[in-house]
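Here are a few exercises to work through with the model open in your viewer. Try each task before you read its solution.

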Amino acid sequence: MAETPLLTLTGITKRFPGVVANRDINLAIQRGEIHAIVGENGAGKSTLMRIIAGLYQPDEGQIILDGRRIQMRGPRDAARLGIGMVHQHFMLIPRFTVAENIVLGEEHARGGIFSPREAEARIRELAAQYQFELDPTELVENLSVGAQQRVELLKVLYRGASIIILDEPTAVLVPHEVEELFANLQSLRQAGKTIIFISHKLDEVLEIADRITVLRAGRVIGTVPASQATKEQLAEMMVGRPVLFHLEKPPVKLGGPPIGVLEVRDLTVLGAHRREAVSGVSFVVRQCEILGVAGVEGNGQTELVEGIMGLRPVARGKVILLGRDITGRPPSTIRNSGVAFIPEDRQRQGLVLPMSVWENAMLGYHRATEYRRGVFYDLGRIKDRVRSLIRTYDVRTPDINGRVETLSGGNQQKLILAKEMSSSPTAIVASQPTRGLDVGATEFVWQRLLAARAEGLAILLVSADLEEVLALSDRVIVMYRGQIVTEFVPGTLPATTIGEYMLGIRRDTPAPVGGEKA
Amino acid sequence: MHPDLILAAGVSSPAIADAVASAIRLTTPLLLTALGAVFTERGGVVNIGLEGMMIFGAFWSAWGAYTYGPLAGLAIGAVAGAIMALVHAIVSVTFRVDQIVSGVAINTLAYGLVRVASQALFHSATTSPSVPSLPRIDVPVLDQIPALQPLMANLSPLIVFAFVLVPVSWWVLNRTVFGLRLRSVGENPLAADTLGINVVLMRYSGVLISGLLAGLAGGYLAVEQTSMYVEGMTAGRGFVALAAMIFGNWTPVGAMFASLLFGLADSLSIRVTIPHVPYQFVNSLPYILTIVVLAGAVGHARAPAADGVPYERSGE
Ligand SMILES: Nc1ncnc2c1ncn2[C@@H]1O[C@H](COP(=O)(O)OP(=O)(O)O)[C@@H](O)[C@H]1O
Ligand SMILES: [Mg+2]
């Protein structure tokens, strides 16, 4: 390109203990473009952005802004140079108003006296300038996630940023919020801002970006104009090999009629405020089958799973595993009787983050006598086993004694899979198993679930990602307000009809009188 | 004081005004300390060392008043409280020791140090000689109304100061840059840090303000209320003030009303005797009230999000 870039990185290297997060990165960002950075989890995207935003100092290499070499000692230096970053995890104060959150640290107050009204007026003006819909007097805790993100964007704009970095901004948004965000980004670009946008969702990147840079294992694999890129090509650059977007789901042949493995009969589970979150739900998951549970989040899926796993008291009904009633038994009993569990929140329910990889892999089996020597654990044996597990499940960690929180999301999920599948279960309850995972890790999880299905397991798959449910399941049930509103085989219903079921516009089962059962 | 007064129907209005006046006098040390507690906790540092800071303030203000007069004595008491608070800040903010542990240590330390100092300076581990108080003030005009006289005349200036400090504290917290930043580090120190706010400085400020005010409250007890230092004179008021601050939902005005409630209970407990009820029961009223109120308040009150959580920069 003829134009001289606004921001140039040359030879940037950043090391952390045990990993090289960025390796000899060369990157040029043009003035006024939306530049996407894609890569799998752990590819080094966030690290690179933090270097540009002044949060980390590179070990090697140079940053050139507008032809001048710059060195930053902190985010304030970056802000002074017009670089601002919206972090993956929002840095907001829920009990402050929108205006307070934005002006904090740059209050422009005379004599140390802070006037909320003046701050609100200033922010109202700023929001109007970029056509952002936002009430500066509202408390941030009352805002939707999408609106909170607009607050973060305004924080950066308020500080006069001309280069705006967004770290996985869409990971937390629902589809219509993504559209709003993209509209906001377009208007920022029109206002002459330069935007660097991180994602691992390729469809999005192709929609919004002008150019796309792919990172893999800390290196730049290449930069391509979005107009000339394809999803397949980008995925291959990210992962380093061709990626399947269409799953092979071979029919499984059984000797006889399929046996029902996990049965739920008229299950009612109470949720928050003792309201019925699951109301009289019944289904059977059979051998060699994946039963998908679709639905808009918050329609009782979480409570259903917790009711089955014994994590939440069951108000009525039964959970039956291979003819045995396991309703309301302690979670450890339910797991020991053969139900593997992949929880929806892997960081809070699935793992103990500050504990080591091997300790986490052992949790749930810590009572097993085979890993004991007298009253002590047989550490040698345990660690050997954990090593072989993480090899089989391709968990990438430099050291099994390291804390689990240092692993990427994909590797954390692989560790959970490894732990859960190693007990030879007969059924799997998987809740949002690929949430937040990149292409490679998602593919891995899918392959594992399909392999388990081929081995004869019964799998209950709960996911907010409709495409995932449709791709993996043999049968799908749709939940709406705690009830099953329909059941179908993927491929037999158009997406719009499924959407109507999910939104409660359509239902096959009669609606209960008065909305709730007596 | 007057355990002979029996509360019964038809108590004369001067007696009620008298009881209210006593309640307000007893509220003052609670209020000062509770306002300080609002500052430290809104900045994210739990300070259960307030009791120790009050003890320290009580002793050193008595010494100061004995040596240099009442005004200097109160100032010395406040500074003494702040010195204890500085210890708490260094231990819990800079070195990130658990704030409860640090607070307990402060209480123990203050108690021990004061005994030693009292022995050295007054040749008695438990009491000081009598010390002078500030001149009393009368509220003009209102002190002429007989019914209000006990409330409006012959007041310690510190009482007026404590109540004036309520709107001032509200203003500082909500209408100054300092207050905004202090609250931000109590809610989300990481967010504040990324915006260039000096988290450590803010938290030190909050803790030091609480120490100054707790020390002053101790000074009120010794110099203004009793005219001498007596061991144990704080009688757990640092903890009661903490409860008042929580019951007052971490706000200055709330803390004032809660302090008044506790002050009233305190005043009734020393003025009221009920036939056939052992006086110990009545005396324990303020403490029972503290427990009941806290148990009831837990569901409604909302602490700052990062209250009690040490802040450590990560990453770099
Ligand atoms: N503060 C840190 N300390 C140690 N290792 C880190 C730190 N931040 C990132 N890493 C490691 O650097 C690599 C790149 O991480 P990151 O930049 O977060 O990747 P991405 O954002 O692409 O998912 C990972 O292996 C990660 O574990
Ligand atoms: Mg990242």
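**Exercise 1. Where does Pro354(A) sit in chain A, and with which residues is it in contact beyond its neighbours within four places in sequence?**

Keep in mind that this is a predicted model.

Step 1: find the secondary structure on either side. Helix α11 (346-350) comes before Pro354(A) and helix α12 (357-362) comes after, which puts the residue in the loop between them.

Step 2: look for partners, taking heavy atoms within 4.5 Å as the cut-off. Once the neighbours within four places are set aside, Pro354(A) is in contact with Arg403(A) and Glu405(A).

Step 3: compare with another place in the chain. Gly504(A) is 150 residues from Pro354(A) in sequence, and their C-alpha atoms are 42 Å apart.

**Exercise 2. Which residues are closest to ligand 1, and what kinds of residue make up the shell around it?**

Step 1: collect the shell. There are 13 residues around ligand 1, and the closest are Gly42(A), Gly44(A), Lys45(A), Ser46(A) and Thr47(A).

Step 2: sort the shell by type. You should get five nonpolar, six polar and two charged residues.

Step 3: check the polar atom pairs. An oxygen of the ligand is 3.0 Å from a polar backbone atom of Gly44(A), and an oxygen of ligand 1 is also 3.4 Å from a polar backbone atom of Thr406(A). On the side-chain front, a ligand nitrogen lies 3.4 Å from an N or O atom of Tyr56(A).

Step 4: work out the cover. On its own, ligand 1 exposes 560 Å², and the protein buries 72% of that.

Step 5: trace the shell back to elements. Strand β2 (19-29) and helix α1 (45-52) of chain A are the elements giving two or more residues; α1(A) has the largest share, with three.

**Exercise 3. How many residues does each chain bring to the contact between chain A and chain B, and how much area do the chains bury?**

Step 1: count by chain. Chain A brings 23 residues and chain B brings 22.

Step 2: get the area. About 2100 Å² is buried between the two chains, with 62% of it on carbon and sulfur atoms.

Step 3: find the big contributors on one side. Leu180(B), Leu195(B) and Arg302(B) together supply 30% of the area that chain B buries against chain A, more than any other three residues.

Step 4: note the scores. The model has an ipTM of 0.88 and a pTM of 0.76.

**Exercise 4. In chain A, where is confidence lowest and where is it highest?**

Step 1: start from the averages. Chain A has a mean pLDDT of 89, with 96% of its residues at 70 or more; for chain B the mean is 89 and the share is 93%.

Step 2: go element by element in chain A. Helix α17 (495-502) is lowest, at a mean of 83, while helix α3 (98-103) is highest, at 97.

Step 3: flag the weak stretches. Residues 513-518 of chain A are below 50 and have five contacts beyond near neighbours in sequence. In chain B, residues 1-10 stay under 50, with 10 contacts beyond four places in sequence.

**Exercise 5. What is the phi of Leu322(A), and what is the phi of Ser424(A)?**

Step 1: recall the usual sign. Most residues other than glycine have a negative phi.

Step 2: read the angles. Leu322(A) has a positive phi near 45°, and Ser424(A) has a positive phi of about 45°.

Step 3: place them. Leu322(A) is in the loop between β14 (314-321) and β15 (324-325) of chain A, and Ser424(A) is in the loop between α14 (409-421) and β19 (427-431) of that chain.

Terms used. Residues numbered from 1 in each chain as written. Chains lettered and ligands numbered in written order. Predicted model: local features only at pLDDT ≥ 70, side-chain atom pairs only at ≥ 80, totals over all residues. Heavy atoms only, no water. pLDDT = per-residue confidence, 0-100. Near = heavy atom within 4 Å. Polar contact = N/O pair within 3.5 Å; in protein donor to acceptor, adjacent residues only side chain to side chain. Areas by Shrake-Rupley, 256 points an atom, 1.4 Å probe, with all protein chains shown as cover. Nonpolar A, V, L, I, M, F, W, Y, C, P; charged D, E, K, R; others polar. Buried area = accessible area lost by both parts, 1.4 Å probe.
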